[in-house]
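Here are a few exercises to work through with the sequence and the model side by side. Try each task before you read the solution under it.

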Amino acid sequence: MRFRLGLLVALGGAIGTLARFGLAESLPAPDGVPWATLTANLLGSFLLGVLLEALARAGEENQTRRRLRLSLGTGLLGGFTTFSSLALETERLLAGGDGALAGTYMLVSLVLGLLAALAGIAVASRPSGRGDGRPRGPHGLVGPHRPHDGGSPEEPSRGEGR
């Protein structure tokens with residue numbers, strides 16, 4: 001089982017890395033600003049926020065949600081985003097004597113990355129209008145399944161399963 005999960009992470013990582021490569025090929029940095037890395041990190045932060053919030057709202061982690069989290073979150077988005085490139089590109093800008101651009105690039109990447117993740121969480125937490133009736137925690141997150149009539153989760157609640 002663990003080997004299969006590792007394969008899911010590896011497959012997702014390969015796809016994410018290829019996507020980042022394609023993005024880097026389509027967004028060169030003629031002005032010295034590494035636009036592809038910035039775009040990958042901001043988009044990846046947003047999508048990771050959406051994914052993890054959606055999975056959290058779906059309920060406790062089960063086998064399917066675990067596979068989705070590992071293949072898409074750890075693998076695909078982990079392969080797509082590249083904070084190691086951010087660090088290396090910042091060092092190169094500093095070594096090239098462009099400290100202002102390096103500092104701006106680092107600050108913009110981190111602040112906008114955080115804001116992108118928060119935006120993803122906000123998007124995934126928007127009410128769908130379909131109300132599932134599950135209890136919400138203090139931050140609007142879905143809590144564990146608790147039947148309204150006090151029965152166990154395995155037993156249908158009153159009015160269910162009739």
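**Exercise 1: a threonine from the record**

Find the element that holds Thr81, decide whether Thr81 is buried or exposed, and list what it touches.

*Solution.* Keep in mind that we're working on a predicted model. Start with the place: Thr81 sits in the loop that joins α3 to α4. Next, take the accessibility. Thr81 has a relative accessibility of 17%, and buried means under 20%, so Thr81 counts as buried. Now look for partners, skipping residues up to four places away in sequence: Thr81 touches Arg20, Ala40, Asn41, Gly44 and Ser45.

Then bring in the record. The unreviewed UniProt entry lists Gly78 and Thr81 under "binding site". Gly78 belongs to helix α3, and it counts as partly exposed because its relative accessibility is 39%.

**Exercise 2: the overall layout**

Work out how many helices and strands the chain has, and in what order its elements run.

*Solution.* Count the elements: there are five helices and zero strands. Read from the N terminus, the order is α-α-α-α-α. For burial, 28% of the chain's 162 residues count as buried. For contacts, take those with a separation of 6 or more; residues 24 or more positions apart account for 68% of them.

**Exercise 3: the first helix**

Check whether the span of α1 agrees or disagrees with its residue count, then find which of its residues are buried and what they pack against.

*Solution.* Helix α1 covers residues 2–26, which makes 25 residues. At 1.5 Å a residue the span should be 36 Å, and the end C-alpha atoms are 36 Å apart, so the two agree. The buried residues in α1 are Leu5, Gly12, Gly13, Gly16 and Leu23. These buried residues pack against α2 and α3.

Zoom in on one of them. Leu23 counts as buried because its relative accessible area is 16%. Outside its neighbours within four places in sequence, Leu23 is in contact with Ala36, Thr39, Ala40 and Phe80. Take Ala40 from that set: it's 17 residues from Leu23 in sequence, and the two C-alpha atoms are 7.6 Å apart.

**Exercise 4: following α2**

Describe the span of α2, then see where Val50 and Arg57 come up against residues far along the chain.

*Solution.* Begin with the helix itself. Its 23 residues reach 33 Å from first C-alpha to last, close to the 33 Å expected at 1.5 Å a residue. Just past the end of α2, Gly59 has a positive phi of about 120 degrees.

Now Val50, which lies in α2. It counts as partly exposed because its relative accessibility is 24%. Apart from residues up to four places away in sequence, Val50 touches Gly120, Ile121 and Ala124. You can also pair Val50 with Val123: they're 73 residues apart along the chain, with C-alpha atoms separated by 6.6 Å.

Finish with Arg57, also found in α2. Arg57 is buried, at a relative accessible area of 14%. Its C-alpha is separated by 7.8 Å from that of Ser125, 68 residues apart along the chain.

**Exercise 5: α2 against α4**

Give the packing geometry of α2 and α4, and say which residues meet.

*Solution.* Two packed helices are described by the angle between their axes and the distance between the axes, so get those two values to begin with. Helix α2 (residues 35–57) and helix α4 (residues 83–95) pack at an angle of about 145 degrees, and their axes are 10 Å apart. The crossing of α2 past α4 is left-handed.

Next, the residues. From α2 come Thr37, Asn41 and Ser45, and they meet Phe83, Ser85, Leu86 and Glu89 of α4. Sorted by class, this contact has two nonpolar, four polar and one charged residues.

**Exercise 6: the annotated spans**

Take the stretches that UniProt annotates as "transmembrane region" and find the helix content of residues 34–56 and 100–124.

*Solution.* The annotation, from an unreviewed entry, covers residues 34–56, 68–88 and 100–124. Residues 34–56 are 96% helix and 0% strand, with end C-alpha atoms 33 Å apart. Residues 100–124 are 100% helix and 0% strand, and there the end C-alpha atoms lie 35 Å apart.

Methods:
Residues are numbered from 1 along each chain as its sequence is written. This is a predicted model: local features need pLDDT of at least 70, side-chain atom pairs count only at pLDDT 80 or more; totals for chains, interfaces and linings use all residues. Side-chain values use heavy atoms; hydrogens and water are left out. Axes are lines fitted to C-alpha atoms, for helices over the stretch in contact, and angles run from 0 to 180 degrees between N-to-C directions. Helices (H or I, at least four residues) and strands (E, at least two) are DSSP runs, numbered from the N terminus. A crossing is left-handed if the near helix is turned anticlockwise from the far one by less than a right angle, and right-handed if clockwise. Contact means heavy atoms within 4.5 Å. Ala, Val, Leu, Ile, Met, Phe, Trp, Tyr, Cys and Pro count as nonpolar, Asp, Glu, Lys and Arg as charged, and the others, Gly among them, as polar. The expected span of a helix is 1.5 Å times one less than its number of residues. UniProt positions are given in the numbering used here, feature names are shortened, and annotations may be inferred rather than shown by experiment. Buried means under 20% relative accessible area, exposed over 50%, partly exposed in between (1.4 Å probe, protein chains only).
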